[in-house]
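Here are some short exercises to work through with the model open beside you. Try each task before you read its solution.

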Amino acid sequence: MAENKFQAPRGTQDIYGEDISYWKKMEEIIRKQCNLYGYKEIRTPIFEHTEVFLGENDSSDMVNKEMYTFKDGGNRDLTLRPEGTKGIIRAFVEHKMYGQPDMPVKLFYMGPMFRYDRPQKGRYRQFNQLGIEAIGAKSPLLDVETIALGYAIVKEMGINDLVILINTLGDNESRNNYREALKQHFKPHLNDLCADCKRRYQQNPLRILDCKVDKGHFSFEQAPKCRDYLNKESKQYFDTVIKGLEDLNIPYQIEDRLVRGLDYYTNTVYEAVPKDDSGQQSTVFGGGQYDGLVESFGGESLAGVGFGLGMERLLDLAKEKKGITIEEEKIDVYVISLGDVNTYSSKITELLRNNGIKTEMDYQKRSLKAQFKSADRYKAKAIIIVGENEYQDNVVQIKDTTNKTQENVEYEKIVEKIKNII
RNA sequence: GCGGUUGUGGUGAAGAUGGUUAACACUCUGGAUUGUGGCUCCAGCAUUCGCGAGUUCGAGUCUCGUCAAUCGCCCCA
C-alpha cells in the first residue's frame, strides 16, 4: 500500500507541520535582532559562477571536496553556494555598494547552503544559514558588534550557555611572519604528520594547528604561538576586541589553535559553542574578519567582518533547552454538515472566511461523531451545524464550544453571532 | 572518504535458539446513539517486517549487497 517510491536525497530534509512554526519563530527572532543592530536583508542567488568560491590556492575541504558543481545548458560552470560570504561580496562589488555614504554596509541573509559531506546530526548536505556581514569598515568594535548580534539571537532563542572561542590571526605582516615561523617549526617533523597536514604545510600552514589527527604530536606543544608574532597594531586590535567582549559581558575563551576552515580570514576569528561541548557538530555560529576579500573580487581595499550561523543547529539547541515556544494552531469555526446539504456548508465557510474568520469544514461526509472530533482537534471556538432542515430553512445551528450553548441562527446573522462568540 | 549501531503499521513498539494468524498501546474509521462530540463498549485498519538477492522444506529472525538514520573519525554551520 504505502511503498516509498522516492525519498529525499541524502542529507536533505523536509520541514513541515509543527516545525514550520518553529522555523517561523526563529526567523522572526533573527529578523528582529538584525533590525535592532541595523543589518538589512539581502537575497542573493543560490548558485554562483564556480570561480566565485575558488580562492587562489584555497586549502579548505569545503572548496576542495564538498562543492556541488555543475554545468548549465550554456556550459557555464556553476556551483551551489557552500557558504554565504563570497556571494555577498560579489554582490557588494557588483552593485558598487562601496559607494554608499554610510560605512559599513551591514547585511544579513538566510537561506540554504550546500555541502557534499557525510550527514550527521546537525550536519546536512542542504542546510540553512543566517549570515551577517559588515563590509567597508575595519574596527574591533565592529568585530565585537557581530559577536554581540549572534549572541543576542542565541540568547533570545533561550540558549544561555554559549561561549565564544576567539583568536586572532593578525594582520598580513603578522601572519606572514607567523606563517614562516610555523613552516620552520614543522619542517623537521613533516614526515610524521598526516597527508592533510603535508598539504596544509604548502597551502596554509596555519591550518595544521587545528588538525585533529596530529594534535597529539609533540611538535604541536612546542609550536610557536600566533600571539607571539603579532605586531603592535594587531595586538592592540585584538586587545580591544577582548575588552569589548568583557564590557558587553559576553563569555569568551581565547583559543590559540582556532584558525577556522575558510582561508580568507584575517585578524579576529571566532566560534560560538555550547559550554558543555557535547557533540562534534556543536558550533552554532562562527566567523571572523576578512581584510582582502573585497579587493580580491575587484572592489576597493575594504575590510569586512561577519559570521555564519547554522539554523538547524540553533533550532535543535533551542528545542533541547525548551528555549522557544510556539502557539498551538487554533481555528475560529468548524462547520459540520449532516445529510445532503449540497454546497450549503461550503457557502457558509466561505462567508465566514471572507469576514476574516478562520474556518474549517468537513469534506468527506463523515459521521457526526468524527466531525465533532475534528472540531475538537482544531480547537474551534464555535461549531456550526447544518443539516437538511437548516439547508431548507436557510438557517444554521451555532454552538459555542466553551459554554456549550446552541442556538438557531438565520443566515444573515451568522457573521454577527460568530463574532460575538470568538 | 573510513569505522560502529540501527531500520517492523499513521505513531510508540513486542517479536530467546529461523517454524508459518506479526503481540500490545495510542491514533484513525465505522457502530452501539437513522441529527450533537471530548467517557465507555464492540468491530475494522501491516497479503507483510527499508529495498534487493542468497542460504533453507521454511526467514521479520541467518548471510551478502544496497539505501537511509544515528554515533565516532574527518570537516564544519
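**Exercise 1.** In what order do the 5 strands of the open sheet lie?

*Solution.* A word on the source: this is a predicted model, in which local features need pLDDT of at least 70 and side-chain atom pairs count only at pLDDT 80 or more, while totals for chains, interfaces and linings use all residues. Residues are numbered from 1 along each chain as its sequence is written, and chains are lettered from A and ligands numbered from 1 in the order in which they are written.

Step 1: strands (E, at least two residues) and helices (H or I, at least four residues) are DSSP runs, numbered from the N terminus. Two strands pair if DSSP finds at least two bridges between them.
Step 2: the order is 13-12-14-15-16, with mixed pairing.
Step 3: strand 13 and strand 16 (406–410) are the edge strands, each pairing on one side only.
Step 4: from one strand to the next, the twist averages 25 degrees.

**Exercise 2.** Find the partners of strand 12, and decide whether its residues are buried or exposed.

*Solution.* Step 1: strand 12 (residues 333–337) pairs in the parallel sense with strand 13 (residues 359–361) over 3 bridges; here V333 stands opposite T359.
Step 2: strand 14 (residues 382–386) also runs parallel to strand 12, joined by 5 bridges. Look for V335 opposite I384 and S337 opposite V386.
Step 3: a residue is buried if 20 or more other C-beta atoms lie within 10 Å of its own, exposed if 12 or fewer, and partly exposed in between, with C-beta atoms placed from the backbone. By that rule, 5 of the 5 residues of strand 12 are buried.
Step 4: in a regular strand, side chains alternate between the two faces of the sheet. In strand 12, V333, V335 and S337 point one way, and Y334 and I336 the other.

**Exercise 3.** Trace helix 12 and see what it packs against.

*Solution.* Step 1: helix 12 (residues 344–354) forms a right-handed β-α-β unit with strand 12 and strand 13 (right-handed: with the strands pointing away from the viewer, the path from the first strand over the helix to the second runs clockwise).
Step 2: helix 12 lies across strand 12, strand 13, strand 14 and strand 15 (395–400), at about 170 degrees to strand 13. Axes are lines fitted to C-alpha atoms, for helices over the stretch in contact, and angles run from 0 to 180 degrees between N-to-C directions.
Step 3: the axes of helix 12 and helix 15 (residues 414–421) come within 10 Å and cross at roughly 60 degrees. That makes the two helices oblique to each other (under 35 degrees is roughly parallel, over 145 roughly antiparallel, 65 to 115 roughly perpendicular, and the rest oblique).
Step 4: I348, L351 and L352 of helix 12 meet I414, V415 and I418 of helix 15. Contact puts two C-beta atoms, placed from the backbone, within 7 Å.

**Exercise 4.** Where is V105 placed, and which residues further off in sequence is V105 in contact with?

*Solution.* Step 1: V105 belongs to strand 5 (residues 105–114).
Step 2: V105 is buried because 22 other C-beta atoms lie within 10 Å.
Step 3: leaving aside neighbours within four places in sequence, V105 contacts F92, M97, Q100, I135 and G136.
Step 4: for contrast, take P188, which is 83 residues from V105 in sequence and 46 Å away in space, C-alpha to C-alpha.
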